[in-house]
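Trainee: I have this model open on my screen and would like to talk it through with you. Shall we begin with the ligand?

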Amino acid sequence: MLQVRNLTRRFGDKTAVDDVTFDIPSGRMTGFVGANGAGKTTTMRMIMGVLTATSGDVLLDGSPVTAAQRAQFGYMPEERGLYPKQPIIDQLVYLGQLHRMSQSSARREALALLDRFNLADRSKDKLESLSLGNQQRVQIAASLLHRPTALILDEPFSGLDPLAVDSMVELLRERTAAGVPVLFSSHQLDLVDRLCDNLVVLQNGRLMAAGTGDDLRATAPRRHRITVSPDAGWLREETGLTVIDVAGPSALVEFDDDVHAQRTLAAALSRGTVQEFAPIRPSLSDIYREVTA
Ligand SMILES: Nc1ncnc2c1ncn2[C@@H]1O[C@H](COP(=O)(O)OP(=O)(O)OP(=O)(O)O)[C@@H](O)[C@H]1O
């Protein structure tokens, strides 16, 4: 497990990351979300050691992570970083060798990854001759090549078409199933919902929420969808609940507690037919919206 403990980074007067603590468990995918400028990239750079923390620690299995351990991590930086004018396979083999792979195993692994992204036949082409989405696939291959012990990926899905997203998801699932901790940032909340069992939310450099989906759902507001005939407008007059939205027979409400939920159900039954009275299980994207509202 990777652990981020009280990480802080200041740039002059600006605190880009402010006392942030969260876990990146092994064998799980952790989604890292927050608006532009929230501090995700700065945090990832500190995890990778390419940016020094003003204070705080990054721990691997309970001890401060060493440079040698970081060298085994896979990192996809925001600025990407492959050379546009060099042939793809040459760059991947070179990167593999930097990670102490032999030339032949780096070539084998690189071609296998390119094949999974349907790019094996482009391996000798210059990177710049590929579409942006395909360049992105090569960047991903570069971060996975050396079978990293942890993966820190800055917006790995941006610019990928749905099929490329699927092959990337499949690869990441394989790596996570093998016990690798994975942290990836994304603005695509639907993807985060689909992929993650763990979520970390930053806002203005501060941690707003972190934990498993179940932990975060347990603290989320208890909302119900209520559908009654002929009209749900009377719910506005009830106590112990907040009406979030009401349209004709259907309402979205948040109860203060279970007693008020039961009381409202009884009131609804006494008024007519209750077609629906259902607790809503919030998605991770609902939780994100809630904690950053
Ligand atoms: N080298 C730097 N010098 C000064 N300020 C910086 C530097 N790097 C980042 N910042 C500031 O730190 C804050 C956090 O930026 P960061 O890039 O970490 O956010 P982010 O969550 O990754 O945003 P995005 O989703 O847009 O990539 C921003 O206000 C940014 O301007």
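Trainee: Which element gives the largest share of the shell around the ligand?

Mentor: Keep in mind that this is a predicted model. The shell includes Gly39, Lys40, Thr41 and Thr42, and the elements that give two or more residues to it are strand E2 (14-24) and helix H1 (40-48). The largest share, three residues, comes from H1.

Trainee: How do the residues of that shell divide into nonpolar, polar and charged?

Mentor: Look at the names around the ligand: among them are Phe11, Ala16 and Ala38, along with Lys14, Asn36 and Gly37. Glycine counts as polar here. The division is three nonpolar, six polar and two charged.

Trainee: What does the protein average in pLDDT?

Mentor: That is a good thing to ask before reading details. For the model there are also the scores ipTM 0.96 and pTM 0.86. Of the residues, 100% score at least 70, and the average pLDDT is 92.

Trainee: Which helix gives the largest share of the largest nonpolar core?

Mentor: This core has 61 residues, and those with the most contacts inside it include Leu92, Ala110, Ala141 and Leu199. It draws at least three residues from each of domain 1 (2-217) and domain 2 (220-292). The largest share, five residues, comes from helix H5 (residues 132-144).

Trainee: Which residues does Ala141 touch, leaving out those up to four places away in sequence?

Mentor: Ala141 is one of the residues with the most contacts inside the largest nonpolar core, and two of its partners, Leu92 and Ala110, are also on that list. Its full set of such contacts is Leu92, Ala110, Leu113, Leu114 and Phe117.

Trainee: How many residues does the second, separate core have?

Mentor: In soluble globular proteins, nonpolar side chains tend to be buried together. Here the second core includes Ile226, Leu241, Phe255 and Ala268. Its count of residues is nine.

Trainee: Which element gives the most to the side of domain 1 that touches domain 2?

Mentor: The centres of the two domains, taken over C-alpha atoms, are separated by 40 Å. Their contact takes 15 residues from domain 1 and ten residues from domain 2. On the domain 1 side, the elements giving two or more residues include strand E3 (29-33), helix H7 (189-195) and strand E9 (198-203). With four residues, the one that gives the most is H7.

Trainee: And by class, how many residues on that side are nonpolar, polar and charged?

Mentor: The side of domain 1 in question belongs to a contact that takes 15 residues from this domain. By class, they are nine nonpolar, three polar and three charged.

Methods: Residues are numbered from 1 along each chain as its sequence is written. This is a predicted model: local features need pLDDT of at least 70, side-chain atom pairs count only at pLDDT 80 or more; totals for chains, interfaces and linings use all residues. A nonpolar core is a set of buried Ala, Val, Leu, Ile, Met, Phe, Trp, Tyr and Cys residues joined through C-beta atoms within 7 Å. A residue is buried if 20 or more other C-beta atoms lie within 10 Å of its own, exposed if 12 or fewer, and partly exposed in between; C-beta atoms are placed from the backbone. Domain bounds come from an automatic or database domain assignment. Two residues are in contact if their C-beta atoms, placed from the backbone, lie within 7 Å. A residue is near a molecule or strand if its C-beta atom, placed from the backbone, lies within 6 Å of it. pLDDT is the predictor's confidence in each residue, from 0 to 100.
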